[in-house]
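Please walk me through this structure, step by step, for someone who has not seen it before. I would like to know how its helices and strands are arranged, and which local details deserve a second look.

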Amino acid sequence: MIPQDFIDQLLSRVDIVDVVDRYVPLKKAGQNYMACCPFHKEKSPSFTVSPTKQFYHCFGCGAHGSAIGFVMEYQGLPFVDAVKSLAEGIGLQVPQERAANPEASRAAREKQLSLESALSQAAVYYKQQLKSAVNAISYLKGRGLTGEIAARFGLGYAPGDWQNLQAVFSEYLNPALLESGLVIEAEDTGRRYDRFRDRVMFPIRNQRGAIIGFGGRVLGKGEPKYLNSPETPLFEKGRELYGLYEARQAIRNANAVLVVEGYMDVVALAQYGVEYAVATLGTATTGEHVRKLLRHADQVYFCFDGDKAGQKAAWRALENSLPQLVDGKALHFLFLPQEHDPDSYIREHGREAFEAALREQSIPLSAYFTRELTASVDLSSPEGRAELIKQAKPLLDQIAAPMLGYIIKKRLAELAQMEVDEIDMLMGHSRPERKGRREYRLPRESTRPASTPIMRKQIRDVLMNPEWALAIQIRENEIYEGEMAALVAIIERVQASEQLPSCAVLAEGFRHTEHESIIDSVLQDSQLRSEEFINPNELDRENFMLGFDKLMDRYDDELVSTLSNKGYEHLSQEELQLLRTLLARRMRPTPAS
């Protein structure tokens with residue numbers, strides 16, 4: 001974990017205007033900066049960057065966040081990598097809360113750089129060899145590829161000799177060659193030879209663009225047809241996707257990503273203008289793959305062959321997707337005719353027909369889920385309907401998107417001729433737990449609403465104007481929950497800070513906490529208008545203070561009611577003292593305005 005004080009320091013030293021402007025040209029508009037949103041298509045700019053609040057917000061699609069959030073969204077990076085990227089840009093070293101041995105960390109970093117350097121040098125060599133490899137050039141042209149596409153993906157050729165890389169590395173026994181998977185060492189003799197020989201080479205890049213491995217397609221009848229780099233300190237098949245680095249901009253433009261099975265499919269699709277395709281690396285689609293894809297786009301399409309192997313791969317992809325699902329994002333499954341793969345289909349039918357098939361013939365995950373489960377049971381019999389629920393239970397339990405999960409469950413209940421509550425009972429579920437409430441508990445008999453417009457406005461006001469929190473006095477002995485707990489936590493965070501935090505620092509400070517979803521929801525609220533980025537006046541501040549006092553009074557009133565209803569004879573000494581304090585507070589005169 002990265003210490004929170006370092007996150008605060010980083011956000012205080014970077015300027016979000018400079019960060020965003022590197023990727024999206026900004027224009028001054030009053031106190032703020034504007035641009036067309038990089039996360040959705042629009043003709044007039046609705047993307048606003050506030051230098052005072054160090055926050056961005058798109059009033060078209062709702063994208064918002066700090067400089068860290070922007071880098072995560074734009075580059076598709078996880079939180080830690082985005083922090084490292086920003087820190088490197090200003091010369092900061094990212095610390096760790098549980099720092100490993102500094103010497104071990106330095107050694108690991110040096111190893112990483114050594115492996116990346118070896119792979120980069122090999123890629124340059126393979127690319128040079130392609131220029132004179134008649135058989136490889138003939139193969140690529142036969143697949144309809146141009147030199148431009150080959151250059152874009154950095155395609156190369158590994159000659160057929162056993163130790164070609166000796167021409168690149170003077171020290172062929174360098175450990176980096178073995179650890180990066182470029183060479184193989186015979187167990188019996190210890191003799192080394194190149195892993196990739198007589199193959200068209202496809203460099204695999206991570207999200208920073210660094211080469212972390214290769215895929216090689218054999219020329220001729222050799223086996224295996226496709227050969228990947230082995231698992232290395234840089235390369236994990238279950239985490240990486242071929243072509244994602246090259247497809248980032250196209251994925252953003254389309255707000256969609258297409259997942260296919262082979263390197264050649266990705267390259268061929270790009271040749272025909274479908275540039276938002278990526279491929280798994282010789283392994284089943286994993287949960288990490290899906291999580292990464294959903295960070296890049298709202299629509300994910302899986303494209304599989306229509307044969308048994310394709311059906312099996314699709315179902316495995318669905319199973320691994322369930323824990324990653326997010327409401328508002330959608331997964332689809334397209335099955336091509338058995339005689340086609342994406343490469344052959346688009347070459348025969350063209351881009352328009354291929355994309356029409358994606359839109360019109362792909363099956364939403366919910367429909368595919370239901371279709372497959374009902375295909376093997378007899379819904380006309382009680383036994384068959386019972387079997388349906390039995391098969392569905394472990395899968396339903398994994399669905400992370402609550403709304404989609406409920407809709408799927410409701411459809412299955414209809415097919416099983418049951419009610420949703422009955423399925424929940426059979427599955428051993430009680431009423432859903434309320435998440436994010438661990439620190440603040442209310443009495444069971446409380447009827448206090450979980451959310452009100454005034455609470456959401458209070459949270460928005462204090463996020464946008466942290467200095468207002470300094471004049472607030474949090475009342476002791478209260479029990480806070482939900483949005484009120486989040487509001488109190490924000491105020492206490494401001495009051496505990498040595499320097500006044502910006503909106504961005506506050507939002508990032510609650511990442512990975514129980515308040516994150518509430519704060520993010522408030523910031524993403526459709527009622528958030530551009531006026532929120534304009535400095536408020538004194539009347540706005542006074543209204544915030546009055547609104548907070550009203551909320552506090554309401555909490556006092558409810559706690560008094562709860563304690564009184566319990567009966568004085570049943571109250572502990574602590575509860576009696578609390579009740580006296582609350583009643584005394586009620587009797588205080590209201591300050592004159």
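Angles between axes are sorted by size: under 35 degrees counts as roughly parallel, over 145 as roughly antiparallel, 65 to 115 as roughly perpendicular and the rest as oblique. The axes themselves are lines fitted to C-alpha atoms, for helices over the stretch in contact, and the angles run from 0 to 180 degrees between N-to-C directions. Helices (H or I, at least four residues) and strands (E, at least two) are DSSP runs, numbered from the N terminus. This is a predicted model, in which local features need pLDDT of at least 70 and side-chain atom pairs count only at pLDDT 80 or more, while totals for chains, interfaces and linings use all residues. Residues are numbered from 1 along each chain as its sequence is written, and side-chain values use heavy atoms, with hydrogens and water left out.

With these terms in hand, we can begin with a pair of helices. Helix α19, residues 453-464, packs against helix α20, residues 482-496, at an angle of about 20°, and their axes are 9 Å apart; α19 and α20 are therefore roughly parallel to each other. The crossing of α19 past α20 is left-handed, a word used if the near helix is turned anticlockwise from the far one by less than a right angle, with right-handed used if it is turned clockwise. In this packing, Met455, Arg456, Gln458, Ile459, Val462 and Leu463 of α19 meet Glu483, Met484, Ala486, Leu487, Ile490 and Ile491 of α20, where contact means heavy atoms within 4.5 Å. Sorted by class, the contact of α19 with α20 has 9 nonpolar, 1 polar and 2 charged residues, given that Ala, Val, Leu, Ile, Met, Phe, Trp, Tyr, Cys and Pro count as nonpolar, Asp, Glu, Lys and Arg as charged, and the others, Gly among them, as polar.

A second pair of helices can be read in the same way. Helix α15 (residues 365-375) and helix α17 (residues 402-415) have axes 10 Å apart and pack at an angle of about 35°, and α15 passes α17 in a right-handed crossing. Leu365, Ser366, Phe369, Thr370 and Thr374 of α15 make this contact with Leu404, Ile408, Arg411, Leu412 and Leu415 of α17, so that the contact of α15 with α17 has, by class, 6 nonpolar, 3 polar and 1 charged residues.

In the third pair, helix α13 (residues 342-349) packs with helix α14 (residues 351-361) at an angle of about 125°, with axes 6 Å apart, and α13 and α14 are therefore oblique to each other. Pro342, Tyr345, Ile346 and His349 of α13 make the contact with Arg351, Ala353, Phe354 and Ala357 of α14.

We now turn to the strands, where two strands pair if DSSP finds at least two bridges between them. One open sheet has 5 strands in the order β1-β2-β3-β4-β5, with antiparallel pairing, and its edge strands are β1 (27-29) and β5 (64-65), each of which pairs on one side only. Strand β4 (residues 55-58) is joined to β5 by 2 bridges, the two running antiparallel, and Tyr56 stands opposite Gly65 in β5. Gln54, in the loop between β3 (47-50) and β4, has a positive phi of about 55° although it is not a glycine.

Another open sheet of 5 strands follows the order β13-β12-β14-β15-β16, with mixed pairing. At its edges stand β13 (277-279) and β16 (363-364), each with a single partner strand, so one side of each is left without a neighbour in the sheet. Strands β14 (residues 299-305) and β15 (residues 330-336) pair in the parallel sense over 7 bridges, and Ala330 in β15 is the bridge partner of Gln299. Helix α9 (residues 244-254) lies across β12 (256-260) and β13, running at about 140° to β13.

One further local detail concerns a peptide bond. The bond from Glu223 to Pro224 is cis, with omega near -5°, and Pro224 is placed in the loop between β10 (211-218) and β11. Most residues other than glycine have a negative phi, and most peptide bonds are trans.
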